[in-house]
Amino acid sequence: MSATDQQHIDFDNTQVAFAYRSNTELKKAYYMFKMLGYPSLVNLGKKVLIPAIEWGLPLQGLVKVTVFQQFCGGETVEESNDVIDRIKGYGVKAILDYSVEGNENEEEFEKATTKLLKTVRMAETQLAIPFAVFKVTALCRHELLEKKSKNVSLSYEEEQEWTRVKQRVMRICEAGAKNEFPVMIDAEESWIQGGIDELCEEMMARFNKEKPLIYNTVQMYRHDRLDYLKSLYERAKKEKYFLGIKVVRGAYMEKERERAEEMGYPSPIQLDKAASDRDYDKAIEFIIDHINDISLVAGTHNEASSKHLVDLMEAKELLPNDERIYFSQLYGMSDNLSFNLAHAGYNVVKYLPFGPVKEVLPYLIRRAEENTSVKGQTGRELALIQAELKRRKKEKPLMKEMP
Ligand SMILES: Cc1cc2nc3c(=O)[nH]c(=O)nc-3n(C[C@H](O)[C@H](O)[C@H](O)COP(=O)(O)OP(=O)(O)OC[C@H]3O[C@@H](n4cnc5c(N)ncnc54)[C@H](O)[C@@H]3O)c2cc1C
């Protein structure tokens with residue numbers, strides 16, 4: 001397909017969106033999203049699940065066949081291969097996301113580094129996995145990142161600790177970069193993001209000389225991030241390296257606002273959703289205007305934002321499969337965007353979390369909360385699944401269910 005000959009994308013096409021799911025899976029997803037529509041149920045789950053599993057109550061099996069199956073690839077890299085193969089058949093790629101959170105000591109940080117190196121090495125060998133990703137908090141204490149972000153001077157021991165963090169980040173980035181395999185770094189809370197940005201920028205300056213191999217993430221729910229993106233571009237130009245940028249709205253809004261209020265500083269979050277949407281669009285426009293220097297991963301479930309990026313690409317006559325531009329959604333969410341975009345020839349990659357059930361629970365709870373709190377998201381998922389089940393019933397009422 002040429003750049004001027006792009007297809008109309010119908011995000012309501014449920015046949016394309018759910019072709020990879022059987023009837024049974026769709027029905028299960030339907031009941032699960034229905035459950036997530038009850039905030040009190042999600043709240044209860046949040047309060048009792050983690051302690052119950054810690055007390056040894058046998059609830060892991062239940063979690064595994066419900067929310068875990070909807071949002072995760074498996075407990076291990078190997079277990080996740082099934083999903084990777086399945087979505088690959090529909091042109092959608094995967095990013096293995098080791099979703100274990102809350103590491104607190106050196107032993108856990110080293111374990112996470114080894115695990116992440118394994119995902120980088122495994123991913124390099126598979127065309128269906130175009131990126132690796134990690135969170136710096138899997139490798140470093142929150143308090144240390146906070147000190148770095150505040151520019152507080154570190155003690156001798158802390159300096160040593162920071163050197164070890166840098167070495168871990170470096171090992172992962174280097175493992176990807178030496179085989180030209182891109183590595184993305186997630187954005188986290190604003191009070192630790194300064195330290196994360198510092199690490200990212202150092203890695204980009206080091207490994208992005210020829211092409212963008214290390215990606216930082218900008219959260220457009222922060223009112224200062226458009227300026228950050230522009231100043232980062234100026235620095236990269238001056239120091240002669242490429243930028244890789246994942247653009248998202250941001251996942252920690254409530255926490256950010258609560259902390260700012262509690263501690264009495266101005267909230268870093270935009271005044272309203274419209275301001276986040278506006279800056280999201282502006283960030284995408286800025287990157288597309290500088291696409292020769294900046295590669296983009298658009299991490300969003302927002303249809304208007306995805307459509308806006310398609311329009312910008314068309315206006316610039318960029319091919320849908322331009323390797324510098326990826327659309328990205330989380331596994332288990334917004335399949336109508338991912339699979340319809342891939343069907344129309346765009347590059348699409350799903351974040352595919354994996355890890356032991358008990359350890360990915362905080363991630364799952366965040367997904368559950370997001371689906372309860374993001375206005376309309378659960379309703380949208382439910383309506384799409386319902387439409388597809390209805391369509392299938394009408395199409396083949398007498399046929400046995402799809403495998
Ligand atoms: C592939 C992928 C990777 C991601 N990586 C990261 C990451 O590294 N770091 C991270 O923090 N998040 C990350 N996220 C999550 C992301 O930041 C959003 O929380 C989530 O995608 C919802 O935003 P949206 O653009 O999809 O949808 P929308 O429903 O359009 O937007 C919801 C988002 O808008 C913002 N918002 C809502 N209400 C308001 C308000 N009143 N005022 C201001 N802003 C508001 C919030 O950010 C909220 O999450 C990622 C998401 C995806 C899909």
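## A buried serine

Let's start with Serine 334: this residue is buried, because 24 other C-beta atoms lie within 10 Å and 20 or more is enough to count as buried. Bear in mind that this is a predicted model.

Where does Serine 334 sit? It is found in the loop between strand E7 (325-330) and helix H14 (335-343). Its backbone is worth a look too: phi is positive, about 50°, although serine 334 is not a glycine. Most residues other than glycine have a negative phi.

## An exposed asparagine

Asparagine 151 also has a positive phi, near 60°, and is a residue other than glycine. You'll find asparagine 151 in the loop between helix H7 (142-150) and helix H8 (156-177).

Is asparagine 151 buried or exposed? It is exposed, because just 9 other C-beta atoms lie within 10 Å, and 12 or fewer counts as exposed.

## Around the ligand

Now for the ligand, which has 25 residues surrounding it. The closest are Asp186, Val248, Arg249, Ala251 and Gly299. Sorted by character, the shell around the ligand has ten nonpolar residues, eleven polar ones and four charged ones.

Which elements each supply at least two residues of that shell? They are strand E4 (214-219), helix H12 (273-289) and E7. The largest share comes from E7, with three residues. You've met E7 already: the loop that holds serine 334 runs between this strand and helix H14.

Notes: Residues numbered from 1 in each chain as written. Predicted model: local features only at pLDDT ≥ 70, side-chain atom pairs only at ≥ 80, totals over all residues. Helix = DSSP H or I, 4+ residues; strand = E, 2+ residues; numbered from the N terminus. Near = placed C-beta within 6 Å. Nonpolar A, V, L, I, M, F, W, Y, C, P; charged D, E, K, R; others polar.
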